[in-house]
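Student: I have just opened this structure and would like a guided tour. Could we go through it together?

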Amino acid sequence: MKSPPPSPDLLSYDEAAALVGDCVQRLGKGHRAIEAVELERAVGRVLARPLAADLDQPPFARSTRDGFACRAKEACTHELLKIAGTTRAGLAPAGPLPPRAVWEIMTGAPVPAGADAVVMLEHVEAEAGQVRLLPPRKVAPGENVVARGAQARAGDELLPAGTAIHSAQIALAASCGCETLPVFARPRVAILTTGDELVPVSALPAPGQIRNSNGPMLAAMVAAAGGEPWVLPTAADNAHALDAALAEAADADLLLITGGVSAGKFDLVEPALARAGARFHFTGIRIQPGKPLVFGEFPVKDTASVRNENRAKHCFFGLPGNPVSSAVTFLLFAAPVLAALAGRSETAPRFALARMAPHAERHGKPGLTRFLPAYCNFDAPGGELPEVAFVPWHGSGDVGALARSNCFLVVPEKAHGLEPGAIVRILLP
Ligand code: AMP
Ligand code: MG
């Protein structure tokens, strides 16, 4: 059976993204609680205050090579210069360097006072305690030396608040002597799966039942996006169960519901949200998978119970139940909201360019922007765009196709498909 054409009343992807973007802007400005975490536990968190250099970086003029510290001008005469001493990493600055002399030096060692360059070991010939720069080689002042404070001066801001902390930021914080870092409290994200057919991972599904894969998937996605997942028990498809579950989730900073938002007779989530006082920004958008996506906010209740004050209102997403739809709509819309709640300055979904594989199928559906599971081969020859192809799938319930993909291929709304070899956009997880 052919599905009916998408209603032009529904928002396009761009319109929906702009609406979510407004909300992201607003949430990004809010106040949020700050806590200290040990450096080793800071990965995935968000810097709450700027990171400043405690000392000049590097704290002394440092040699980047094994060789001989010298005066560049003297070395360039190619005359024999006396080796006045030896120094290595870990020793206090040596010197001063006498006239017409060099100082043997190892990588990472402070350059002796008086020297302005380091000639590499490979570029000199040594003779009875003296060395000569091999002609026609020259050395310029500053060569192979990182001057004191070249990277930063004590007190300089190195990273702004709102920076997501990965290994490189941990390295920088370590170099500044930070044993702990001030980070924003993680937003608590309630994950409510709905559906009479769902059974827990540990259960063997009876006829008609399926295992709940969205709960664990979304918990993982929330954690990766900087939130604290709060997985609620699955709610049955009836008004009473949904009302009770929504009441329980009222404390969350963000609510993600899956299932029950399509047009079916037992899709009761929207009415339940309405009963709980929700204001809807949209109910359905022109994308596939993910068309039934619902986005809105609850009004503020009593402010005393608000965990994070940035949650002026409490946003929710009703994600479609199919796992691929849930994953795509989370990445496109819920992850930016979560990033803003977490205090991250970078909130936008990550898109990149790739080239369609030569024999790729087309997969266009005019009227809908599609985000289809795809595999991108990033191991492209130098200078070439990585090559991407659709992962064969059996529709948006195909968790296997999702798990075998590493991105989503974007098929624009107006496209009838993507030409083999064309430059295309991919959404990265
Ligand atoms: P719904 O959005 O409730 O109409 O569900 C659409 C499809 O997704 C149905 O086939 C559901 O069985 C499936 N589904 C709903 N929730 C989940 C879940 N938590 N895990 C896996 N599949 C689900
Ligand atoms: Mg359902």
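The talk below takes up a strand, a loop residue and some aromatic rings in what is a predicted model.

Student: Happy to start with β13. How many of its six residues are buried?
Tutor: Strand β13 covers residues 188–193. R188, A190 and L192 point one way, while V189, I191 and T193 point the other way, and all are buried. The number of buried residues in β13 is therefore, with a cut-off of under 20% relative accessible area, six of six.

Student: Which residue of β16 stands opposite I191?
Tutor: Look first at how the strands lie: β13 and β16 (residues 228–231) pair in the parallel sense, over four bridges. On another pairing, β13 runs parallel to β17 (residues 254–258) with five bridges, and there V189 stands opposite L254. Back in β16, the residue facing I191 is V231.

Student: Now to N212. Is it buried or exposed?
Tutor: N212 sits in the loop between β15 (210–211) and α4 (214–224). Buried means under 20% relative accessible area. The value for N212 is 12%, so this residue counts as buried.

Student: With which side chain does the side chain of N212 make a polar contact?
Tutor: Beyond four places in sequence, N212 is in contact with T193, L198, V199, V201 and T234. One of these, T193, belongs to the buried residues of β13. The polar contact, at 3.3 Å, is with the side chain of T193.

Student: Let's turn to the rings. How many residues apart in sequence are the parts that Y13 and F371 tie together?
Tutor: The whole structure holds seven aromatic pairs. Y13 and F371 form an edge-to-face one, with 5.3 Å centre to centre and 65° between the planes. Because Y13 lies in helix α1 (residues 13–28) and F371 in strand β23 (residues 369–377), the pair ties together parts separated in sequence by 358 residues.

Student: What kind of pair do F298 and F316 form?
Tutor: Their ring centres are 5.0 Å apart and their planes meet at 45°. Planes under 30 degrees apart count as stacked and over 60 as edge-to-face. The angle falls between those limits, so the pair is tilted.

Student: Which ring does R188 lie over?
Tutor: R188 is one of the buried residues of β13. Elsewhere, the charged end of R32 sits over the ring of F184, 5.2 Å from its centre. For R188, the distance to the ring centre is 4.0 Å, and the ring belongs to W230.

Notes
Residues are numbered from 1 along each chain as its sequence is written. Chains are lettered from A and ligands numbered from 1 in the order in which they are written. This is a predicted model: local features need pLDDT of at least 70, side-chain atom pairs count only at pLDDT 80 or more; totals for chains, interfaces and linings use all residues. Side-chain values use heavy atoms; hydrogens and water are left out. Helices (H or I, at least four residues) and strands (E, at least two) are DSSP runs, numbered from the N terminus. Buried means under 20% relative accessible area, exposed over 50%, partly exposed in between (1.4 Å probe, protein chains only). A polar contact is a pair of N or O atoms within 3.5 Å; within protein, one must be able to donate a hydrogen and the other to accept it, and residues adjacent in sequence count only if both atoms are side-chain atoms. Contact means heavy atoms within 4.5 Å. Two strands pair if DSSP finds at least two bridges between them. Rings of Phe, Tyr and Trp (its six-membered ring) pair if their centres lie within 6.5 Å; planes under 30 degrees apart count as stacked, over 60 as edge-to-face and the rest as tilted. A charge sits over a ring if NZ of Lys or CZ of Arg is within 6 Å of the ring centre and within 35 degrees of the ring normal.
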